Every structure is written in structure tokens, then in C-alpha cells.
Amino acid sequence: DFDKGKTRFLNDRQGLSVAAATGLFIDSENRIWVGTEENGISIIDESRGNIQHLGSAQGFTQSIHHFTEGNDHKVWMSSNEGAYIYDPNKASFQKLDAVKGLSDDLLNITFLDRQGQIWIATGTALNRMDADGWMPNFPTAADRLSGPDVWSFFEDQNSELWIGSRQGIDIYDPSTNRIKKIDNGLQLTKS
């Protein structure tokens, strides 16, 4: 219990699928999701005192490195082979990848905005899944997006989405569907 000055060490000997954690997330039910390097995920439920492992039997073969929870409580997991979406109501997974409409399979990060849309950043494009579950057109360089290699999001008090990529910073205004580049001499370059 961290509040009482106590910590615990968890690794594969204490129930995690492996010792190396590549992503961490706390869902709306206070479960801790641990992404691992090529060995699925572990879900720590302290209220029940258990750790659940989901791995190759559920289709996880790559590193899970980022999590996002949608308004419907589905958990989106980013991997090097697309997105895995866990539906807690059905206790089932589905996979979203390039075959099913993503720009490519290598996911950097996902983000839930206030409109209930899931933004999915890959190494080559920015994808958006709306609240109804379909992917409308997504912003590209033609829309003034600085670059496709997006690594971070932030939604401000005006519901404008700040998009951070290796090529620059942009602000997306959903009310006008326009992108504004932030160009103030930051000198960001692709590494």
C-alpha cells in the first residue's frame, strides 16, 4: 500500500507474465493493466487479489505498449501488429489492423477525445474511429498535418486536439475540421 509507505515488487515469480513491463494503465474499475514484451498482458485486480494473464492463447504475440479505455469501457491496446480491443461485457477480444482498415499495423499510441472518438497513431498515419465504430477520413499532410509519425495527444479546454509528432505540433479543431501547425522555431526533426 503506497499510501502507508509500503510497496511491493511484482515480476514473473509473483504472477506477472514476464518481468519486463512495456506499458501500464489503470482502468475505470481500478485494475492495473501491464503490457509486456511479446508475452501478452497481465491484469492486476487488487480488490479480488488476483492477477490474470492473457497471452498467446488470446492472440497476443507482440509487445503491448499503450492502453486507452473508451467510453464504452472497452480497452484499446497498442501493439506492433495493430490494436487489440477488449470488451469487458463479453470478455472477448477483437483485433484491428491494416487488413481491417488501419493505415498500418505498427501502433504508437491511442487517445480517447471528449467526443468519444478513438485516435489511433501509427508510424505512417493518424487514424480516427468515431463513437459509432467506423473510421471516417483521417487527417493527412494534405490537411496540413505536420507529419504521420504521431506520438502524443492532448485535448485542451476548447476540445481542440493537440497532436505531437516527430515532425511537429499541430492543433486539430473538430468544430471546423481544420488543422493548424504550431511553428514557433521549435526545430523539431524526425529522429
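This report walks through the strands, ring pairs and salt bridges of the protein shown above. Keep in mind that the model is predicted.

## The overall picture

Strands do the work here: the protein has 15 of them and zero helices. Of its 191 residues, 42% are buried. The protein exposes about 10900 Å², and 47% of that comes from carbon and sulfur atoms. As for how the chain touches itself, take the contacts with a separation of 6 or more: residues 24 or more positions apart account for 34% of them.

## The open sheet, S1 to S4

Four strands make up an open sheet, running S1-S2-S3-S4 with antiparallel pairing. S1 and S4 (50–54) sit at the edges, each pairing on one side only. On average, neighbouring strands in this sheet are turned by 20° against each other, direction ignored.

Looking at one pairing in detail, S3 (residues 41–45) runs antiparallel to S4 over five bridges. If you want a spot to find on screen, serine 42 has histidine 53 in S4 as its bridge partner.

Just ahead of the sheet is alanine 20, in the segment before strand S1 (21–26). Is alanine 20 buried, partly exposed or exposed? With a relative accessible area of 42%, alanine 20 is partly exposed, because that value falls between the 20% and 50% cut-offs. Beyond its neighbours within four places in sequence, alanine 20 is in contact with Gly35, Thr36 and Glu37. The C-alpha atoms of alanine 20 and glycine 35 are 8.6 Å apart, while the two residues are 15 apart in sequence.

## The S9–S10 hairpin

Further along the chain, strand S9 (residues 107–112) has five of its six residues buried, so the rest of the structure largely encloses this strand. Its partner is S10 (residues 118–122), paired in the antiparallel sense over five bridges. Together S9 and S10 form a hairpin with five residues between them. In the turn, glycine 116 has a positive phi of about 85°. Across the pairing, phenylalanine 111 stands opposite tryptophan 119 in S10.

## Ring pairs

There are seven aromatic pairs in the count. One of them joins tryptophan 33 and phenylalanine 67, a tilted pair at 6.0 Å centre to centre with 55° between the planes. Tryptophan 33 lies in strand S2 (residues 32–36) and phenylalanine 67 in strand S5 (residues 64–69), so this pair ties together parts of the chain 34 residues apart in sequence. Both partners are tucked away: tryptophan 33 is buried at 0% relative accessible area, and phenylalanine 67 is buried at 5%.

Tryptophan 119, the hairpin residue from above, also has a ring partner. Why is the pair of tryptophan 119 and tyrosine 172 edge-to-face? Their ring centres are 5.3 Å apart and the planes meet at 65°, so the pair is edge-to-face; planes over 60 degrees apart count that way. Since tryptophan 119 lies in S10 and tyrosine 172 in strand S14 (residues 168–173), the pair ties together parts that are 53 residues apart in sequence. Tryptophan 119 and tyrosine 172 are both buried.

There is also a cluster: ring pairs link Phe25, Trp33, Phe67, Tyr86 and Phe93.

## Salt bridges

Side chains of opposite charge can pair when their charged atoms come close. The count here comes to five salt bridges, and the table lists some of them.

| Basic residue | Acidic residue | N to O distance |
|---|---|---|
| Arginine 31 | Aspartate 27 | 2.7 Å |
| Lysine 74 | Aspartate 72 | 4.0 Å |
| Arginine 114 | Glutamate 155 | 3.9 Å |

The settings of these pairs are worth a look. Arginine 31 and aspartate 27 are both buried. In the aspartate 72 and lysine 74 pair, aspartate 72 is partly exposed at 39% relative accessible area, and lysine 74 is partly exposed at 24%.

The pair of arginine 114 and glutamate 155 links distant parts of the chain, 41 residues apart. Arginine 114 is in the loop between S9 and S10, whereas glutamate 155 is in strand S12 (residues 150–155). Is arginine 114 buried or exposed? Arginine 114 counts as exposed, with 51% relative accessibility. Glutamate 155, on the other side of the bridge, is buried at 12% relative accessible area.

How values were computed. Residues numbered from 1 in each chain as written. Predicted model: local features only at pLDDT ≥ 70, side-chain atom pairs only at ≥ 80, totals over all residues. Heavy atoms only, no water. Helix = DSSP H or I, 4+ residues; strand = E, 2+ residues; numbered from the N terminus. Buried < 20%, exposed > 50% of the residue type's maximum accessible area, 1.4 Å probe, protein only. Contact = heavy atoms within 4.5 Å. Pairing = 2+ DSSP bridges. Axes fitted to C-alpha atoms, helices over the stretch in contact; angles between N-to-C directions. Phe/Tyr/Trp six-rings, centres within 6.5 Å; stacked < 30°, edge-to-face > 60°. Areas by Shrake-Rupley, 256 points an atom, 1.4 Å probe, with all protein chains shown as cover. Salt bridge = Lys/Arg side-chain N within 4 Å of Asp/Glu carboxyl O.
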